[in-house]
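This report concerns the structure shown below. It is intended to be read with the sequence and the three-dimensional view at hand.

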Amino acid sequence: MSIFSFQVFVLVYESLNSMTVAQALNVPASKVSRILNQLRHALDDPLFHRKQYGFEPSEMAVRIYPEMKRVLELAEQACSLDLDEHSRIKREVCIAAPSGLRVGLSLYLNKLAEQHNQSCTFVVKPTNYYVERDIRQGEIDLSISNEASVADGVNSRFITQSNSVFVVGCQHHPIWQVDEDNMLEEIIRFPFVVNGIPAFNDRIDPLEVYARDLGRELKIEARVCDIAELANQLLDTQSLSFVGGLPAVTLLQRIEGIRVQRLPPGQMELLHGRMGAPNHFLLSSSRQHSYPEWLIDAIFDYVSDSVVLPD
């Protein structure tokens, strides 16, 4: 439970109307409902009984209301001691990112928040096919996407284009013995695990296109969207895969039995000859936001440092 959940409870108790609370807090009604459900689960009590014209508090709600109200008062007093206006509120920022960039993102942002003397909680989720809807509904604040958005209410900002791809496989895989200049032709001889990225290779992977251009068919062993699941698919098998984010590469290199090797630039150009290298965009709501001003630049730096590497 967070201070924000206490605030939701107190306001619902006082107004007995969740829509009024959502408007007062400038959040979607679905978020208020979700927090109430979390409180019900944590306290093992319905808290409010739905009536025709609103809610009626349970015995538990009546008992804990004064305590939660007091907690909010103490929190407000503590915040008033901080002269930095940006640190007055404990903010929860939800960010969606593809698997290759999720690793280490929250840790990186938490360190920067400490440097700015701000109290933030960063929730990092996988990107999905409904990210634009989630942004409009307030479920997600920001999303790192491989495709720009044209949806109403969603802003898109171009970050950078990737210039690096890494081959991942079992440590004793025969692929590591081949000539680097012919690596792609050798890779398509083996089963392939697609590291799924919505809006980039969810319809067809660039390696599938490359194989078909050679008159061959790539054997897709599996499609995953999680680095841990990817490693599990590759350990002690003949399967191979690609990853494109340096944070994911660093994590995979720590897993015993897994080897990661950068695809030579010439081979990457062949791989992305027809589909193009992945572009990266930052999607956000066009409405007023509540995240720190430095966050946008921080995400731009994180993505650029992760996918643009020296030759």
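The following paragraphs describe a predicted model, beginning with a pair of helices and ending with enclosed and open spaces.

**Helices α1 and α3**

Helix α1 spans residues 3-15, and its axis comes within 10 Å of the axis of α3, the two crossing at roughly 100°. Angles of 65 to 115 degrees count as roughly perpendicular, and α1 and α3 are therefore roughly perpendicular to each other. On the α1 side, the contact is made by F4, S5, V8, F9 and V12. On the α3 side, K31, V32, I35, L36 and L39 take part. By class, this contact of α1 with α3 consists of eight nonpolar residues, one polar residue and one charged residue.

Residue V12 also serves as a reference point for strand β2, which covers residues 54-57 and contains E56. The C-alpha atoms of V12 and E56 are separated by 9.9 Å, although the two residues are 44 residues apart along the chain. With its neighbours within four places in sequence left aside, E56 is in contact with L47, F48, H49 and K51. The relative accessibility of E56 is 40%, so this residue counts as partly exposed.

**Two loop residues with positive phi**

The loop between α2 (18-25) and α3 (29-43) holds N26, and a second loop, between α10 (227-234) and β10 (240-243), holds D236. Phi of N26 is near 60°, a positive value in a residue other than glycine. For D236, phi is likewise positive and near 60°, again in a residue other than glycine. The cut-off for an exposed residue is a relative accessible area over 50%. N26 is therefore exposed, at 60%, and D236 is exposed, at 72%.

**A buried residue in strand β5**

Is S143 buried or exposed? This serine lies in strand β5, residues 142-145. Its relative accessibility is 0%, and because buried means under 20%, S143 counts as buried. Apart from neighbours within four places in sequence, the contacts of S143 are A96, T127, V131, I135, F281, L282 and L283.

**Cavity and pocket**

A search of the whole structure finds one cavity of 30 Å³ or more. The largest cavity holds about 280 Å³ of space. Of the 24 residues in its lining, those closest to the centre are I197, F200, V243, G244 and P278. The elements α5 (99-102), β8 (192-195) and β10 each give two or more residues to this lining, and β8 gives the most, with three residues.

The second largest pocket has a volume of about 280 Å³. Its lining comprises 14 residues, of which V103, G104, P247, T250 and Y302 are the closest to its centre. At least two lining residues are supplied by each of α6 (105-115), α11 (246-253) and α13 (294-307).

The table sets out the classes of residue in each lining.

| Space | Nonpolar | Polar | Charged |
|---|---|---|---|
| Largest cavity | 13 residues | 10 residues | one residue |
| Second largest pocket | seven residues | three residues | four residues |

In the lining of the largest cavity, then, one residue is charged, whereas the lining of the second largest pocket contains four charged residues.

Technical notes: Residues numbered from 1 in each chain as written. Predicted model: local features only at pLDDT ≥ 70, side-chain atom pairs only at ≥ 80, totals over all residues. Heavy atoms only, no water. Helix = DSSP H or I, 4+ residues; strand = E, 2+ residues; numbered from the N terminus. Buried < 20%, exposed > 50% of the residue type's maximum accessible area, 1.4 Å probe, protein only. Axes fitted to C-alpha atoms, helices over the stretch in contact; angles between N-to-C directions. Parallel < 35°, antiparallel > 145°, perpendicular 65-115°, else oblique. Contact = heavy atoms within 4.5 Å. Nonpolar A, V, L, I, M, F, W, Y, C, P; charged D, E, K, R; others polar. 1 Å grid on protein atoms, 1.4 Å probe; cavity = no way out; pocket = protein on both sides within 12 Å on 5 of 7 lines; lining within 4 Å. Points joined across faces, edges and corners; volume = space filled by probe spheres on them.
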